[in-house]
Amino acid sequence: MSVTVKSEHEIELMREAGHLLEKVHEDLYPYIKPGVSTKELDRIGEEMIRSLGCTPNFLNYEGFPGSFCICRNDEVVHGIPSEKKIIQEGDLVKIDAGLIYKGYHSDAARTYAVGEVPEEARKLIRVTEECFFAGIRYARAGKHLNDISKAIGACAAKHRFGIVRDLTGHGIGTHLHEDPVIPNYPQKGRGIKLLPGMTLAIEPMINLGRGDVAWLDDDWTVVTMDGSLSAHYENTILITDGEPEILTLTKPWK
Ligand code: MG
């Protein structure tokens, strides 16, 4: 599949898909409290998506058995919602969500600290967001894909955190995962030239320890190999003639 450039009409739909997903993240946040299971969060979140007239795009994606990917602490991504996984005080919780609005996909992830967490955990969340923003400084027409990857990698390296290399960001549109693949570390080539109308899901996954990850026996949940904490921050963005537009974050971010 080649990288798609969206028309004005498609961009409008992508924008709406993004704004609705931002709302779901905001509305779900108050429910992330000690004692709630990740299955319950998934149920509440799915109801929110459906009440907006949208469809959760993660549900049944390659067989994934949930509408949200919910991870705690050393779980990196693709955590399966479960009655047995109960949010505890001090947890780092990652909510990765996506929806389909009139055939167009959005995808965004947030990491939250539940109650008191060690300063290094707060720093990890902060730096992971910083890596995203460092990357999208280069998400401009005329720049190349590797400019984004390099900037994300440099930001994580500066703080001596581990960059997850086995998972990447991606193009997004009428499919959840489109070309290009967007690594969070420098590549050999420059990568594709960025054009206005490209929509990308940029998603640094950063570990407090090393960047190596492993897959659990459920074939989905990715965890840090060394058991260290992991954070994830993702938004769907649009390349324009000027500044990138963050479709899943309408609040001021500069
Ligand atoms: Mg994604």
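**Figure 1. Strands S14 and S15 form a hairpin in this predicted model**. Six residues lie between the two strands. S14 and strand S15 (residues 245-246) run antiparallel and are joined by two bridges. Ile 237 stands opposite Ile 246 in S15. S14 also pairs with strand S9 (residues 199-202), in the antiparallel sense, over four bridges. Here Thr 199 stands opposite Leu 238 in S14. Both faces of S14 are covered. Asn 235 and Ile 237 are buried on one side, Thr 236 and Leu 238 on the other. In a regular strand, side chains alternate between the two faces of the sheet.

**Figure 2. Four side chains coordinate the magnesium ion**. The donors are Asp 107 (OD), His 170 (NE2), Glu 203 (OE) and Glu 234 (OE), at 2.1 to 2.3 Å. Along the chain they follow the spacing D-x62-H-x32-E-x30-E. His 170 lies in strand S7 (residues 169-171). Glu 234 lies in the loop between strand S13 (230-232) and strand S14 (235-238). The pair therefore ties together parts that are 64 residues apart in sequence. Are His 170 and Glu 234 buried or exposed? His 170 counts as buried, at 5% relative accessibility. Glu 234 counts as buried too, at 0%.

**Figure 3. Strands S3, S12 and S11 form an open antiparallel sheet**. The order is S3-S12-S11. Strand S3 (75-77) and strand S11 (213-215) stand at the edges. Each has a single partner strand, so one side of each is left without a neighbour in the sheet. Neighbouring strands are turned by 40 degrees against each other on average, direction ignored. S3 and strand S12 (residues 222-224) run antiparallel, joined by two bridges. Val 77 stands opposite Val 222 in S12.

**Figure 4. Ala 214 sits in edge strand S11**. Ala 214 counts as partly exposed, at 22% relative accessibility, because the cut-off for buried is under 20%. Which residues does Ala 214 touch, not counting those up to four places away in sequence? They are Thr 221, Val 222, Val 223 and Met 225. Val 76 is 138 residues from Ala 214 in sequence. In space, the two are 9.4 Å apart, C-alpha to C-alpha.

**Figure 5. The largest nonpolar core has 37 residues**. Leu 41, Phe 68, Ile 95 and Leu 99 touch the most other members. Helix H1 (8-28), helix H2 (38-51), strand S2 (69-72), strand S4 (92-101) and strand S5 (104-113) each supply at least two residues. H1 gives the most, with eight residues. Leu 41 touches Leu 28, Tyr 31, Ile 32, Val 36, Ile 70, Ile 87 and Ile 95, not counting residues up to four places away in sequence. Apart from this core lies another, of 32 residues. Among its members are Ala 121, Leu 124, Ile 152 and Ile 239.

**Figure 6. Helix H3 has the span expected from its residue count**. H3 covers residues 119-136, 18 residues in all. At 1.5 Å a residue, the helix should span 26 Å. Its end C-alpha atoms are 26 Å apart, which agrees. Which residues of H3 are buried? They are Ala 121, Leu 124, Ile 125, Val 127, Thr 128, Cys 131, Phe 132, Ala 134, Gly 135 and Ile 136. An α-helix has 3.6 residues a turn, so residues three or four places apart point the same way. Ala 121 and Leu 124 also belong to the core of 32 residues.

Notes
Residues numbered from 1 in each chain as written. Predicted model: local features only at pLDDT ≥ 70, side-chain atom pairs only at ≥ 80, totals over all residues. Heavy atoms only, no water. Expected span 1.5 Å × (residues − 1). Buried < 20%, exposed > 50% of the residue type's maximum accessible area, 1.4 Å probe, protein only. Donors = N, O, S within 2.8 Å, 3.2 Å for Na, K, Ca; no water. Pairing = 2+ DSSP bridges. Axes fitted to C-alpha atoms, helices over the stretch in contact; angles between N-to-C directions. Contact = heavy atoms within 4.5 Å. Core = buried A, V, L, I, M, F, W, Y, C linked by side-chain atoms within 4.5 Å.
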